[in-house]
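Trainee: Please take me through one part of this structure closely, and then place that part in the rest of the chain. Plain statements are enough, with the cut-offs given where a term needs one.

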Amino acid sequence: MRPADVIRLVVLAVIWSASFVFIRVLAPVLGPVWVAAARLLLGGAALVLAFVAIRRHLDVARHWRAYLLVGVLNSSLPFLLFAYAALTLPASYLVILNAALPLFGAVASALWLDERLTGAKLAGLAAGALGVMLVSRAGPVAPDATFAVAVAASLGAVLCYALAGVWVKRHAAALPSLAVAGWSQLLGGIALLPLAALAPVHGAITFGVVVNVVLLALVCSAAAYVLYFRLIADVGPTRAMTVTFLMPAFGMLWGYLLLGETITFAMVAGAALIVGGTATVLRPRRARYQTS
């Protein structure tokens with residue numbers, strides 16, 4: 001990759017890992033539903049307003065069903081699940097569990113895209129699963145039923161991301177990726193409004209809360225998606241997905257510096273297993289050359 005692409009990759013890892021800190025701060029105050037809805041509505045509206053300004057990607061009437069489905073599966077549900085998990089789990093846990101995305105993606109692709117699960121990929125999946133188990137017992141959170149539900153919610157969010165990626169590849173590959181990012185976020189946020197109307201806000205809406213919401217929506221959603229799709233265009237989706245390799249380290253660092261969270265050896269070891277398994281799953285197959 002070019003130096004500019006490496007810089008974009010690192011910046012994206014920093015931004016997306018920081019999003020879990022914002023979620024951890026906001027979830028106890030706003031509640032999971034409003035964290036997800038506010039993030040989607042503000043982030044999606046920012047991108048759609050940009051579309052209006054440049055007069056591009058305004059075909060929502062033609063493709064709104066696809067945008068809505070992607071918005072619910074790729075944004076509404078996972079953002080809601082991660083916000084729920086943030087009521088219990090530290091931010092560093094959330095970002096480590098999120099790193100299992102390519103592992104879920106490999107299984108989903110094998111089931112619905114006819115992509116082979118090779119021996120190397122199966123070994124990577126096993127390493128990733130072991131890493132998740134290790135993180136789940138890493139402390140300092142007590143491993144009770146509430147903790148188990150929060151871990152399940154985090155993995156459910158990752159599963160939603162993987163399923164959304166498979167659906168987009170099968171049914172919406174022809175749609176402009178930036179249009180999918182913008183419209184799916186906005187429509188995903190609108191889809192949450194009926195649920196948000198019934199969800200109480202748990203705390204006071206202070207200036208700090210507003211700043212955290214704006215940063216989460218505009219930086220970690222709108223700007224991050226633009227950066228991510230620029231990477232996909234420049235280096236391809238497989239290399240762009242390697243952002244998950246960097247996120248656990250940054251996530252643990254953010255949690256330690258901003259929230260005073262503890263970094264344990266088990267967390268580092270679990271993260272290493274997940275990242276190593278992910279690297280194995282994403283490693284391209286070597287071409288076989290036939291000699292005569």
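**Helix α7 and its setting**

Mentor: Helix α7 covers residues 145-171, which makes 27 residues, and its end C-alpha atoms lie 38 Å apart. The expected span is 39 Å at 1.5 Å a residue, so the two values agree; the expected figure is 1.5 Å times one less than the number of residues. Helices here are DSSP runs of H or I with at least four residues, strands are runs of E with at least two, and both are numbered from the N terminus.

This is a predicted model, in which local features need pLDDT of at least 70 and side-chain atom pairs count only at pLDDT 80 or more, while totals for chains, interfaces and linings use all residues. Residues are numbered from 1 along each chain as its sequence is written, and side-chain values use heavy atoms, with hydrogens and water left out.

At the N-terminal end of α7, D144 acts as the cap. One of its side-chain oxygens is 3.4 Å from the backbone nitrogen of T146. The cut-off for such a polar contact is a pair of N or O atoms within 3.5 Å; within protein, one must be able to donate a hydrogen and the other to accept it, and residues adjacent in sequence count only if both atoms are side-chain atoms.

Next comes P78, a residue of helix α3 (residues 60-85). Its C-alpha is 6.9 Å from that of V158, although the two are 80 residues apart in sequence. Leaving aside residues up to four places away in sequence, P78 touches V72, L73, A157, C160 and Y161; a contact means heavy atoms within 4.5 Å. P78 has a relative accessible area of 0%, so it counts as buried. Buried means under 20% relative accessible area, exposed over 50%, and partly exposed in between, using a 1.4 Å probe and protein chains only.

Ahead of α3 is a loop that follows α2 (32-54), and R55 sits in it. H57 lies in that loop between α2 and α3 as well. Most residues other than glycine have a negative phi. R55, which is not a glycine, has a positive phi of about 55°, and H57, also not a glycine, has one of about 60°. Their accessibility sets them apart: R55 is exposed at 74%, whereas H57 is buried at 14%.

After α3, consider helix α4 (residues 91-98) and its partner, helix α11 (residues 243-259). Their axes come within 8 Å and cross at roughly 170°; axes are lines fitted to C-alpha atoms, for helices over the stretch in contact, and angles run from 0 to 180 degrees between N-to-C directions. The pair is therefore roughly antiparallel, since angles over 145 degrees get that label, those under 35 count as roughly parallel, 65 to 115 as roughly perpendicular and the rest as oblique. A91, S92, V95, I96 and N98 of α4 meet M247, P248, G251, M252 and L259 of α11. By type, the contact residues are seven nonpolar, three polar and no charged; Ala, Val, Leu, Ile, Met, Phe, Trp, Tyr, Cys and Pro count as nonpolar, Asp, Glu, Lys and Arg as charged, and the others, Gly among them, as polar. Eight of the eight residues of α4 are buried.

Other helices supply further long-range pairs. In helix α6 (residues 119-136), G124 is buried at 2%, and its C-alpha is 9.2 Å from that of V275, 151 residues apart along the chain. In helix α1 (residues 3-30), S19 is buried at 4% and touches R39, L216 and C220, again without residues up to four places away. V211, in helix α9 (residues 207-235), is partly exposed at 31%; its C-alpha is 9.8 Å from that of F22, 189 residues apart in sequence.

For the whole chain, there are 12 helices and zero strands. Of its 292 residues, 49% count as buried. Residues 24 or more positions apart account for 90% of the contacts with a separation of 6 or more.
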